[in-house]
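Me: Please go through the assignments for this model with me, setting each one against the criterion behind it.

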Amino acid sequence: MALKRSRVIPLPSPFDFRAPEPVPGCDKCAALARDYRAANNPYNARYNPSAATDAAVLLRRHLKTHGEES
Ligand SMILES: [Zn+2]
């Protein structure tokens, strides 16, 4: 077997929490969710676990602006 291709091993994020659900129809949610998914995917050129964490935090923070049901 040739060792030509380097193996891509998906590493779990050190901050392994799930990104919150984006609100359907909200552009900001969609953009943050897209950033999160891109940064959280080891096969994506934009893979960057700390950026994924940032995006998840930003999304969570942004979701609060939608108003929490209380
Ligand atoms: Zn939103």
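Reply: The following exchange concerns a predicted model and the reasons for its labels.

Me: What makes up the secondary structure of the chain?

Reply: The chain has two helices and zero strands.

Me: Why are L32, Y36, A39, A52, A55, A56 and L59 called a nonpolar core?

Reply: A nonpolar core requires buried residues of types such as Ala, Leu and Tyr, joined through C-beta atoms within 7 Å. These seven residues make up the largest nonpolar core, so they satisfy that criterion. α1 (27-39) and α2 (49-64) each supply at least two of its residues, and α2 gives the most, with four.

Me: How do you know that the length of α2 fits its number of residues?

Reply: The expected span is 1.5 Å times one less than the number of residues. For the 16 residues of α2 the expected value is 22 Å, and the span from first to last C-alpha is 23 Å, which is close to it.

Me: What puts the buried residues of α2 on the same side?

Reply: The buried residues of α2 are A52, A55, A56 and L59. They cover an arc of only 100° around the axis, and therefore lie on the same side of α2. The face turned away from that buried side carries the exposed residues S50, R61 and K64. Included in what covers the buried residues is α1.

Me: Which residues is L32 in contact with, leaving aside its neighbours within four places in sequence?

Reply: L32 is in contact with P22, A55, L58, L59 and H62; each pair therefore has C-beta atoms within 7 Å.

How values were computed. Residues are numbered from 1 along each chain as its sequence is written. This is a predicted model: local features need pLDDT of at least 70, side-chain atom pairs count only at pLDDT 80 or more; totals for chains, interfaces and linings use all residues. A residue is buried if 20 or more other C-beta atoms lie within 10 Å of its own, exposed if 12 or fewer, and partly exposed in between; C-beta atoms are placed from the backbone. Two residues are in contact if their C-beta atoms, placed from the backbone, lie within 7 Å. The arc is that of the directions from the helix axis to the C-beta atoms.
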